Amino acid sequence: MTILGKANRMHAPVDLADIAADVMARIRARAPRVHCITNTVAQNYTANMLLAAGAVPSMTIAPEEVLTFVASANALLVNLGTFDAERRSAIEVALGAVDAARMPWVLDPVFIDSSPGRAQCARELLAHAPSVVRLNPTEFAPLFGGDPAGEAAARVAQACSTVVALTGSVDIVTDGARHVAIANGDPLMGLVTAMGCAGSALLCAALAVETDAWLAAVAAIAALDVAGEVAARTARGPGSFASAIIDALHTLDGATLRARIKVS
Amino acid sequence: MTILGKANRMHAPVDLADIAADVMARIRARAPRVHCITNTVAQNYTANMLLAAGAVPSMTIAPEEVLTFVASANALLVNLGTFDAERRSAIEVALGAVDAARMPWVLDPVFIDSSPGRAQCARELLAHAPSVVRLNPTEFAPLFGGDPAGEAAARVAQACSTVVALTGSVDIVTDGARHVAIANGDPLMGLVTAMGCAGSALLCAALAVETDAWLAAVAAIAALDVAGEVAARTARGPGSFASAIIDALHTLDGATLRARIKVS
Amino acid sequence: MTILGKANRMHAPVDLADIAADVMARIRARAPRVHCITNTVAQNYTANMLLAAGAVPSMTIAPEEVLTFVASANALLVNLGTFDAERRSAIEVALGAVDAARMPWVLDPVFIDSSPGRAQCARELLAHAPSVVRLNPTEFAPLFGGDPAGEAAARVAQACSTVVALTGSVDIVTDGARHVAIANGDPLMGLVTAMGCAGSALLCAALAVETDAWLAAVAAIAALDVAGEVAARTARGPGSFASAIIDALHTLDGATLRARIKVS
């Protein structure tokens with residue numbers, strides 16, 4: 001439960017469970033607005049996860065109004081699923097507002113391994129300095145090149161001045177200097193569509209209340225993973241699990257986080 | 001449980017719980033078709049709420065076929081969330097059909113407080129004489145000007161010849177002459193995305209079976225609020241609540257309405 | 001529980017419950033990729049049903065990338081709900097890939113009874129030889145002409161060299177030679193939006209692991225119907241039922257299928 005630096009670097013031990021609990025409490029207290037440019041499959045579940053955590057979602061992608069919504073938001077999600085002309089245009093406009101306001105934003109390069117056009121777009125978006133890139137192992141090579149391992153993630157995080165959150169059975173979160181592996185979560189999380197997309201939106205909410213992007217990413221990912229473990233105790237399958245994890249996230253407390261969090 | 005008129009006007013007491021139960025029974029018996037021009041975040045939940053109540057939803061917004069769908073429907077919902085060119089075009093075509101058929105319709109001016117373009121559109125749509133305008137307090141000023149209080153709502157309802165349903169912790173429903181405040185519902189309703197949008201669709205179903213738009217609005221809003229109270233008794237958070245309110249609405253009966261309804 | 005041929009044709013008895021269990025087990029083992037061109041109302045629920053069954057969904061309709069996604073899929077769903085220009089264009093591109101790869105695909109002509117344009121499109125799509133056409137009784141006449149009875153279904157299945165799956169309170173599955181009526185399922189299935197659409201996607205997953213399209217259709221439809229019966233035992237209404245059937249499908253086993261399947 002301590003932050004582990006890379007081999008040649010030491011960090012003071014910090015209790016990540018307490019940080020995660022504190023970040024979640026700040027989301028509930030401040031109700032940050034998260035604007036989500038995301039795919040139609042994920043919109044509803046993403047909005048419900050944000051609301052359950054205490055954040056306020058908005059979802060429009062219409063080019064004539066996305067600017068107004070992003071300008072008044074506290075963080076932005078750019079999810080490349082359902083990659084059409086309207087969304088690309090919305091992303092461009094939104095990132096202009098994000099650059100101007102130095103607003104935190106998360107890039108979720110969904111399915112870029114299946115679509116060269118998306119991969120190209122994702123690589124270009126790195127120039128806009130995302131606070132965090134959250135991706136699956138299969139999406140790592142098309143975006144960054146190389147194998148999706150901890151060392152490679154740390155290298156690209158440093159090179160791109162971003163936080164890389166590589167999620168899988170173990171979640172790796174690195175900013176190049178600080179590195180953590182989170183061994184929480186439940187396999188049922190992989191059987192609910194948009195779980196990763198919604199998790200990226202939760203990460204946006206954390207960035208809106210915690211300026212250290214690495215800590216924000218660790219907090220959001222650990223919180224969702226632990227909520228998944230709580231939900232799995234009562235769920236009878238992926239259908240009831242999808243609701244139960246929303247319930248668990250809504251009431252997640254420090255004691256549960258401290259009892260369950262497994263980081264190294 | 002009586003209909004209260006404005007200060008200088010008296011109405012015979014009418015049992016609103018019985019009316020709400022009767023309207024819900026008529027929806028189940030007649031299965032009205034409600035066409036919904038709504039945002040992609042809300043579509044699925046809206047369709048499920050209509051089906052649970054006994055109505056039949058349709059959702060297309062393609063300009064070349066929206067006319068056919070609206071023409072054969074019994075009521076129309078116009079929700080301004082996800083405000084894009086295709087939806088605006090669909091709204092125009094749909095309202096032509098509604099005007100011609102004198103079909104009841106509901107305007108839900110979602111998030112117009114965040115988008116001047118939507119607010120402008122909403123104001124123009126008032127010319128098509130919506131049967132009911134359902135909105136949150138923050139959406140009141142951009143549409144009508146003034147503070148979102150009961151008096152102001154009654155004034156604009158009269159001026160626009162519509163019913164104004166101003167929903168919040170207490171729901172106000174007024175047609176200018178008749179005025180009611182419904183103190184039912186549960187805070188979890190605010191943590192499920194599209195709850196308001198789906199509630200507006202339910203209001204359409206009520207309008208399809210009850211020609212008095214004020215009574216229809218009171219019935220639909222009270223029914224959903226009471227369903228929310230029933231659902232809150234078993235829900236473990238906003239995730240399970242979202243399903244439980246659908247279940248409760250499906251089986252809502254007069255006895256439950258009579259026992260719980262709180263109007264003044 | 002035997003395959004019944006038309007009057008003048010005999011088939012060896014085959015245990016359909018065992019076949020259904022086996023097809024579902026193969027989906028879990030092989031995790032086929034199903035690309036879905038479907039409406040925005042149905043996307044989320046369809047993806048969750050595929051994941052629960054063990055398949056892997058993708059959903060993009062962007063013309064510039066749909067080809068890549070379909071080319072790497074194992075089956076395609078074409079659902080005509082939300083029928084807009086972008087979806088029509090995506091369908092055209094996708095069917096080109098399907099024709100080239102001789103990939104199985106399912107046509108779900110949603111709501112063609114309400115839209116002459118959709119009906120015309122559906123008739124044209126028959127030229128691309130769908131493996132299965134799954135439709136409701138009201139959609140039968142606009143597509144094939146005639147009454148939606150077993151005899152008519154068998155005739156058009158033979159004429160079009162396809163399998164016709166006519167779903168209702170009893171589901172008829174015929175390829176012209178083989179004919180079965182499945183008397184399973186629960187009325188709550190009709191109160192969950194996109195249940196039919198998601199069922200068509202499940203049918204795609206079955207086609208990806210079973211080359212006999214008639215057997216695949218029988219297996220998928222029987223499995224979902226039986227999962228519906230299992231779900232109905234615990235559901236408190238259509239809201240909890242929507243989750244419970246996903247749970248039940250995820251764990252459906254041969255014993256449950258054998259105990260419940262009712263075919264003639």
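Me: What makes up the contact between chain C and chain A, and how many residues come from each?

Reply: Happy to start there: 23 residues from chain C and 23 residues from chain A take part. Two residues are in contact if their C-beta atoms, placed from the backbone, lie within 7 Å. On the side of chain C that touches chain A, the elements giving two or more residues are α2 (43–53), β3 (56–58), α3 (63–71) and α10 (238–251) of chain C. Helices (H or I, at least four residues) and strands (E, at least two) are DSSP runs, numbered from the N terminus. This is a predicted model, in which local features need pLDDT of at least 70 and side-chain atom pairs count only at pLDDT 80 or more, while totals for chains, interfaces and linings use all residues. Residues are numbered from 1 along each chain as its sequence is written, and chains are lettered from A and ligands numbered from 1 in the order in which they are written.

Me: Which elements of chain C give two or more residues to the side that touches chain B, and what classes do the residues of that side fall into?

Reply: Chain C has 23 residues in contact with 23 residues of chain B. The elements in question are α2, α5 (116–125) and α10 of chain C, and α10(C) gives the largest share, five residues. By class there are nine nonpolar, eleven polar and three charged residues. Here Ala, Val, Leu, Ile, Met, Phe, Trp, Tyr, Cys and Pro count as nonpolar, Asp, Glu, Lys and Arg as charged, and the others, Gly among them, as polar.

Me: How do you know what kind of axis relates chain C to chain B?

Reply: Two copies of a chain are related by a rotation about an axis and a shift along it. Chain C can be laid on chain B by a turn of 120° and a shift of 0.0 Å along the axis, with an RMSD of 0.0 Å. That is the relation of a three-fold axis. The copies are superposed by least squares on the C-alpha atoms of residues with pLDDT of at least 70 in both. Of the residues of chain C, T40(C) comes closest to the rotation axis, its C-alpha at 3.7 Å.

Me: What makes chain A agree with a compact globule?

Reply: The rule is 2.2 Å times the number of residues to the power 0.38, with the radius of gyration taken over C-alpha atoms. For 264 residues a radius near 18 Å would be expected, and chain A has 17 Å, so the two agree. Along its principal axes the C-alpha trace of chain A spans about 45 × 40 × 35 Å.

Me: How confident is the predictor in chain A?

Reply: The mean pLDDT of chain A is 92, and 95% of its residues reach 70 or more; pLDDT is the predictor's confidence in each residue, from 0 to 100. Over residues 1–13 of chain A, though, the pLDDT is below 50. For the complex, the predictor gives an ipTM of 0.93 and a pTM of 0.94.

Me: Why is G199(B) called buried?

Reply: A residue is buried if 20 or more other C-beta atoms lie within 10 Å of its own, exposed if 12 or fewer, and partly exposed in between, with C-beta atoms placed from the backbone. G199(B) has 25 within 10 Å, so G199(B) is buried. G199(B) sits in helix α8 of chain B. Leaving aside its neighbours within four places in sequence, G199(B) is in contact with I221(B) and L224(B).
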